[in-house]
Amino acid sequence: MERTPSRIVMKFGGTSVADLDRIRAVAKRVQAQVAAGYEVTVVVSAMSGETNKLVGFCENLSPLYDPQEYDAVVATGEGVTSGLMAIALQNLGINARSFLGWQVPIRTDDAHGKARIESIDGATLIGCMQSGQVPVIAGFQGVSPDGRITTLGRGGSDTSAVAVAAAVKADRCDIYTDVDGIYTTDPRIVPKARKLNKITYEEMLELASVGAKVLQTRSVELAMKERVRVQVLSSFTEETPKENGHLPGSLVVDEDEIVEQELVTGIAYSRDEAKISMRRIPDRPGIAAAIFGPLSEASINVDMIVQSTGEDGMTNMTFTTSKTDLARAMAVIEEARPGIQYGEVVTDDSVVKISVVGVGMRSHAGVASTMFRTLSERGINIQVISTSEIKVSVLIPAEYAELAIRALHTAYGLDAA
């Protein structure tokens with residue numbers, strides 16, 4: 001039986017507050033929750049397109065901009081929306097006030113442009129709600145130890161909302177976006193994809209990390225750590241009453257809240273992949289550190305790794321990184337060449353990563369073999385494989401992405417009836 005929350009955080013993304021009409025519409029959603037007797041805090045993103053415009057201003061003035069001033073500029077988008085949302089709520093007769101990140105305060109480290117939240121004092125927000133006021137918080141922003149404005153990186157408003165929900169001990173954090181929940185895969189590719197009523201933190205974290213764009217990875221990490229129940233739902237459709245005891249969106253919850261575990265919960269894909277193959281590397285202790293150490297120091301994330309050893313004392317190393325990091329990765333590898341002494345490097349950015357995810361994998365064998373057989377039957381060659389306890393990922397040629405996703409969705413019995 002679902003708990004009835006007495007305190008909720010409602011977060012609205014950029015498409016949900018794209019213009020004044022959308023802001024009026026979501027204000028009515030907040031009004032409905034207040035009228036139902038809930039204590040509500042609202043977190044908002046910048047209006048759709050605003051952050052990109054502000055980033056463009058900084059880059060046009062100086063490609064080597066000061067990160068602290070960059071944050072001061074790009075944080076203003078959320079500030080505008082929070083004030084407008086408070087005005088819209090006041091027009092509906094709701095006592096509301098806006099908060100910038102530093103006014104809460106949302107304290108972060110000093111990593112400008114990608115700051116991490118260190119603490120939030122929820123006392124002021126709780127006091128506001130208990131007095132009948134709705135706090136409207138500018139997401140994505142905080143304040144550094146030396147008092148400078150910081151931003152949390154792309155999708156940071158999701159993280160803001162989850163952190164605020166933890167700080168005010170909310171029963172649930174509702175994240176409104178342009179989709180009505182979390183699906184077994186991208187419904188634009190697989191029309192028979194099913195909306196999930198519930199998904200575990202671990203599954204959502206894996207899906208987010210391998211390409212699903214519904215929630216930002218850091219927000220899911222924080223929700224799992226703080227045990228914040230997160231609901232994903234659309235701000236573009238009318239909320240319907242609970243059907244069969246389920247809330248209208250998809251809930252991200254602890255594993256013990258899900259009675260029956262599916263073998264595979266979802267299939268995600270990422271087109272932002274580039275493969276780097278280093279050939280004829282001397283096979284000696286420390287060679288992996290010589291390759292991946294400099295990449296790490298350059299803040300270049302490496303994902304799938306395969307090493308194959310020959311009989312002549314040489315080895316080959318293949319790994320993936322993001323397309324946006326490919327040029328920088330090649331520069332780092334070239335600089336490290338004297339210490340590695342590789343023969344040649346071959347790159348390929350016409351690849352896609354397909355991942356199947358499910359906590360049911362822990363207790364069932366055969367998930368990987370089903371994946372490999374299904375792809376083989378359709379003539380799709382697997383280039384790289386990586387696994388975790390609840391995930392199997394493969395790298396395949398990009399032109400086979402949609403065929404692979406549809407075939408795997410059917411093979412694992414995920415198609416809607």
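Here are some exercises on a predicted model of a protein, each with a worked solution.

## Exercise 1: The whole protein

Find how many helices and strands the protein has, and check its radius of gyration against that of a compact globule.

**Solution.** Begin with the secondary structure: there are 13 helices and 20 strands. Next, look at the extent of the chain. Along the principal axes, the C-alpha atoms fill a box of roughly 75 × 55 × 30 Å. Finally, do the check. A compact globule of 417 residues would have a radius of gyration near 22 Å, and the protein has 23 Å, so the two agree.

## Exercise 2: The sheet of 8 strands

Work out the strand order of the sheet of 8 strands and name its edge strands.

**Solution.** Step one is the order. The open sheet runs β3-β6-β2-β1-β9-β13-β14-β12, and its pairing is mixed. Step two is the edges. β3 (96-99) and β12 (198-200) are the edge strands, since each pairs on one side only. Step three is the twist: on average, neighbouring strands of this sheet are turned by 20° against each other, direction ignored.

Now zoom in on one pair. β12 pairs with strand β14 (residues 250-253) in the parallel sense, over 3 bridges. Here I199 stands opposite V252 in β14.

A helix belongs in this picture too. α1 packs on the sheet and touches β1 (7-12), β2 (39-44), β6 (134-138), β9 (172-177) and β13 (230-234). The direction of α1 makes about 175° with that of β1.

## Exercise 3: The sheet of 6 strands

Describe the sheet of 6 strands: which strands lie at its edges, and which helix packs on it?

**Solution.** Start with the order again. This open sheet reads β16-β17-β15-β18-β20-β19, with antiparallel pairing. At the edges are β16 (305-309) and β19, each pairing on one side only. Neighbouring strands are turned by 25° against each other on average, direction ignored.

Then add the helix. Helix α12 (residues 367-377) packs on the sheet, where it touches β18 (344-357), β19 and β20. Its direction makes about 20° with that of β20.

Next, try two of the pairs:

- Strand β15 (residues 266-282) and strand β17 (residues 314-321) pair in the antiparallel sense over 7 bridges. M278 has M317 in β17 as its bridge partner.
- Strand β19 (residues 384-388) and strand β20 (residues 391-397) are antiparallel, with 5 bridges. They form a hairpin with 2 residues between them, and T387 stands opposite V392 in β20.

## Exercise 4: Helices in contact

Two packed helices are described by the angle between their axes and the distance between the axes. Use these to describe how α1, α2, α3 and α4 pack in pairs.

**Solution.** Take α1 (residues 20-35) and α4 (residues 76-91) to begin with. Their angle is about 60°, and their axes are 9 Å apart. That makes α1 oblique to α4. α1 passes α4 in a right-handed crossing. The contact joins L20, I23, V26, A27 and V30 of α1 with L84, M85, A88 and L89 of α4. Sorted by class, that is 9 nonpolar residues, with no polar and no charged ones.

Move on to α3 (residues 67-74) and α4. Here the angle is about 25° and the axes are 5 Å apart. The two helices α3 and α4 are therefore roughly parallel to each other. A72, V73 and V74 of α3 make the contact with T76, G77 and E78 of α4. By class, this contact has 3 nonpolar, 2 polar and 1 charged residues.

Finish with α2 (residues 50-61) and α3. They pack at about 145°, with axes 9 Å apart, and their crossing is right-handed. L54, V55 and C58 in α2 meet Y70, V73 and V74 in α3. This contact has 6 nonpolar residues, and no polar or charged ones.

## Exercise 5: Two unusual backbone spots

Most residues other than glycine have a negative phi, and most peptide bonds are trans. Which peptide bond is cis, and which residue has a positive phi although it is not a glycine?

**Solution.** For the peptide bond, look at V104 and P105: the bond joining them is cis, with omega about -5°. P105 sits in the loop between β3 and β4 (106-108). For phi, turn to R280, where the value is about 55°. R280 is found in strand β15.

Key:
Residues numbered from 1 in each chain as written. Predicted model: local features only at pLDDT ≥ 70, side-chain atom pairs only at ≥ 80, totals over all residues. Heavy atoms only, no water. Axes fitted to C-alpha atoms, helices over the stretch in contact; angles between N-to-C directions. Helix = DSSP H or I, 4+ residues; strand = E, 2+ residues; numbered from the N terminus. Parallel < 35°, antiparallel > 145°, perpendicular 65-115°, else oblique. Left-handed = near helix turned anticlockwise from the far one by under 90°. Contact = heavy atoms within 4.5 Å. Nonpolar A, V, L, I, M, F, W, Y, C, P; charged D, E, K, R; others polar. Pairing = 2+ DSSP bridges. Rg over C-alpha atoms; globule rule 2.2 N^0.38 Å.
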